[in-house]
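Here is a relaxed walk through a structure that may be new to you. Keep the 3D view open as you read and look up each part as we come to it.

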Amino acid sequence: MVAYIVRRSVMLIPILLLISLVSFAIIELPPGDWVTYQIENLRASGIELNEDEAERLVKMYGFDQPAWKRYIRWMRGILFKFNFGWSFQWGKTVNELLGERLPLTLLVSISALIVSWIIAIPIGIYSATHQYSVLDYIFTFFGFLGLTIPTFLLAMVLAWYIFKLTEFAPLGLFSIEYMDEPMSMEKFIDMLKHLVLPLIIIGLNGTGALIRVMRGNLLDELKKQYVITARAKGVNEMQLLFKYPVRMSMNPVISTIGWILPGIFSGEVLVSLVLGLQTTGPLLLRAVLAQDMFLAGSIVMILSVLTVLGTLLSDILLAALDPRIRYSAAAAR
Amino acid sequence: MSDTGRGDLLLEVRNLQVHFYLFEGVVQAVNDVSFDVHRGRTLGIIGESGSGKSVSAQSVMGIVPSPPAKQLAGEIRLHRATPDGGIETVDLGRLDPRGQEYRDVRGGEIGMIFQEPMTSFSPLHTVGDQIGEAILLHIPDSTPQSARERTVDLLRRVGIPRPDRAVDAYPHELSGGMRQRAMIAMALSCDPALLIADEPTTALDVTIEAQILELIQELQDDLNMAIIYISHDLAVVGGVADEVMVMYLGLVMEHADAETIFDEPLHPYTRALWQSIPKIDGPLEQLVPISGNIPNPFAVHKGCPFYARCTERIQGVCDESPPPVLEPRQGHTVRCFLYADDVDLASNGAAGD
């Protein structure tokens with residue numbers, strides 16, 4: 001098991017290098033850079049820059065260097081000084097910006113994942129064991145609604161309704177009166193109140209699909225011979241359900257952790273924009289628009305790394321849960 | 001049917017009727033099936049796929065999926081030994097299949113071996129865990145430690161090498177034959193009075209099959225266990241069974257002791273079955289297949305369900321009303337008009353070989 005984890009971790013190194021290359025390339029792809037964007041902006045507002053001034057700016061930010069040199073400089077900073085670069089747009093280091101935003105993004109995403117599991121797995125189990133019952137149809141109906149309604153629309157409508165009914169505006173992370181206060185119990189509770197709606201909306205986004213996956217898997221497992229064998233032993237039906245088929249049908253659910261994370265991140269961008277949450281989503285959007293390349297590149301890279309780590313995590317969990325995966329991993333060595 | 005004394009009789013199935021209510025229609029899986037099982041003896045049930053042999057056995061176990069299946073009629077009387085040495089009779093058909101009482105019987109009094117050793121165990125749990133589960137459920141005062149010891153003993157008894165290691169093995173680490181041995185160990189884990197073997201060797205090769213059959217018979221002698229052995233393999237049933245029941249489309253066509261039914265089969269279906277298997281000794285003969293196919297399972301037959309394929313059918317009789325169950329010899333029953341006295345065979349001229 002330890003050898004398996006070590007082996008999988010070592011395999012990550014080339015993947016991570018590739019991710020950094022691709023992230024950098026994506027940022028380089030559009031024509032122009034931060035300086036040309038700035039010059040355009042200045043020109044648009046009527047200020048004319050002379051050639052010397054423009055060249056000075058280009059030199060100052062290092063844009064006269066070839067792309068591969070800039071890539072190596074960027075990677076060196078990350079690897080040796082854990083320095084992700086400078087955000088031109090904010091006039092701050094990328095580390096500082098992400099330090100503010102990333103914890104909240106992770107908090108929202110992971111809580112949303114947990115919310116969707118807590119809702120979807122019991123419903124999936126119920127739907128499979130009571131196939132074609134009235135409740136199964138009702139859950140199926142709402143599951144499909146959850147699958148099809150765009151999250152940003154749901155966010156807008158719900159935010160408006162909550163404001164209408166309770167006079168509480170579930171926008172941003174803190175109410176105005178706490179905005180500049182130091183952290184306190186009241187401020188924390190205020191934050192939790194603001195987090196409920198985004199969590200439900202982002203969580204529900206994945207719930208519909210997860211219910212279908214869980215229901216389908218469990219229906220398949222319930223027909224398997226080992227379930228009948230267990231029943232023939234005289235095992236109580238409830239114990240049997242959770243010990244054998246439910247555990248088996250969790251496998252595909254666990255293996256989705258890896259690719260559910262990016263889904264939640266991208267769903268979260270729109271919801272965060274609508275609800276004004278200070279997460280990395282809106283930050284990335286603005287950085288890309290302004291060609292704030294080190295910031296955008298760093299966010300793309302960190303999200304990709306998190307996705308890869310999520311996949312690794314789900315693989316390790318699978319190996320822990322299913323002896324057949326441990327076995328084939330041992331055989332492959 | 002011979003009744004060899006109250007103490008010997010273990011299970012009486014009377015007029016069992018199980019239908020499956022499916023979207024496409026009703027399947028009369030088991031119709032009017034009756035049989036007795038005696039301690040220490042083996043009843044073989046022979047039939048093609050869809051003959052109702054497995055559903056009959058599953059009804060005894062209470063594991064027929066319901067819905068869509070429904071037991072419409074019949075009794076399944078099990079004569080259980082009580083702790084004080086007496087005999088108590090329960091009608092299993094009336095118990096809640098998920099209830100405590102039936103779960104005591106299932107896996108305790110009655111053990112079952114299934115057809116597919118490859119899928120009969122959960123791949124996520126060790127063999128020892130899955131056998132031990134049955135022991136913990138049914139053997140009073142057992143602890144995880146005692147269950148483990150008993151499991152190792154059982155694995156040794158069914159001939160698994162190094163049982164102290166196999167107990168911690170996952171099913172995928174065992175071969176098909178070993179898994180079926182482990183399955184037998186599981187079925188026998190709580191000293192059942194009745195063992196139901198539903199085609200236990202179908203998925204195995206012939207050498208392993210012989211070993212498994214031998215093992216089952218050895219264990220039967222040791223434990224004085226009754227066995228219901230279900231198979232479509234006539235040679236296998238001929239080798240293990242004391243009495244044989246032949247089923248076709250949910251009906252028992254013929255029922256006699258093994259020697260009689262193989263030497264002097266009465267029903268045209270049984271005879272056709274016998275003609276369709278090659279014999280190792282004796283002269284080479286052309287095999288005679290049974291013409292036609294098994295009828296659509298949703299079809300309802302006014303007369304005999306074998307009518308369309310029967311070489312000795314009596315037109316106007318066999319297709320008009322259901323054939324009666326007759327007993328031309330003591331202990332030999334057959335469901336066929338050919339042995340009825342009051343049918344005028346001469347006027348139809350279709351009787352005889």
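How many residues does each of chain A and chain B bring to the contact? Chain B puts in 23 residues, and chain A puts in 19 residues. Before going on, bear in mind that this is a predicted model.

## Where the chains meet

Let's stay with the side of chain B that touches chain A. Two helices of chain B, α2 (100-105) and α3 (127-138), each supply at least two residues there. The one that gives the most is α3(B), with four residues.

What kinds of residues make up this side of chain B? It divides into 10 nonpolar residues, seven polar ones and six charged ones.

## A sheet in chain B

Now find the open sheet in chain B. Eight strands form it, and going across you meet them in the order β6-β7-β8-β3-β9-β10-β12-β11. As a bit of background, strands of a sheet pair through backbone hydrogen bonds, and they can do so either parallel or antiparallel. Here the pairing is mixed. From one strand to the next, the twist averages 20°.

Which strands sit at the edges? They are β6 (110-113) and β11 (325-329) of chain B, and each of them pairs on one side only. Take a look at β11(B): three bridges join it to strand β12 (residues 332-335) of chain B, and the two run antiparallel. One pair to pick out is B:Leu326 with its bridge partner in β12(B), B:Val334.

## A hairpin out in the open

Another pair of strands in chain B is worth a visit. Strand β4 (residues 69-81) and β5(B) pair in the antiparallel sense, with five bridges between them. Across this pairing, B:Arg77 stands opposite B:Asp91 in β5(B). The hairpin has five residues between its strands, and in it B:Gly85 takes a positive phi near 95°.

Is strand β5 (residues 87-91) of chain B mostly tucked away or in the open? Of its five residues, the number buried is zero, so β5(B) lies largely in the open.

## Two helices crossing in chain A

Over in chain A, look for helix α6 (residues 134-148) and helix α8 (residues 185-222). Their axes come within 7 Å and cross at roughly 135°. An angle over 145° would count as roughly antiparallel, so α6(A) and α8(A) are oblique to each other instead. The crossing of α6(A) past α8(A) is left-handed.

Which residues make the contact? From α6(A) come A:Phe139, A:Gly143, A:Phe144, A:Gly146 and A:Leu147. On the α8(A) side you will find A:Leu204, A:Thr207, A:Gly208, A:Ala209, A:Ile211 and A:Arg212. Sorted by class, this contact has six nonpolar, four polar and one charged residues.

## Two loops with a positive phi

To finish, here are two loop residues to zoom in on. A:Phe82 is found in the loop between α4 (67-81) and β1 (86-87) of chain A. Its phi is positive, about 50°, although A:Phe82 is not a glycine. Is A:Phe82 buried or exposed? It counts as exposed, because it has 8 C-beta neighbours inside 10 Å.

The second is B:Glu199, which lies in the loop between β7 (194-198) and α7 (206-223) of chain B. B:Glu199 also has a positive phi, near 45°, and is a residue other than glycine. With 18 C-beta neighbours inside 10 Å, B:Glu199 counts as partly exposed.

Terms used:
Residues numbered from 1 in each chain as written. Chains lettered and ligands numbered in written order. Predicted model: local features only at pLDDT ≥ 70, side-chain atom pairs only at ≥ 80, totals over all residues. Contact = placed C-beta atoms within 7 Å. Nonpolar A, V, L, I, M, F, W, Y, C, P; charged D, E, K, R; others polar. Pairing = 2+ DSSP bridges. Axes fitted to C-alpha atoms, helices over the stretch in contact; angles between N-to-C directions. Buried ≥ 20, exposed ≤ 12 C-beta atoms within 10 Å, placed from the backbone. Parallel < 35°, antiparallel > 145°, perpendicular 65-115°, else oblique. Left-handed = near helix turned anticlockwise from the far one by under 90°.
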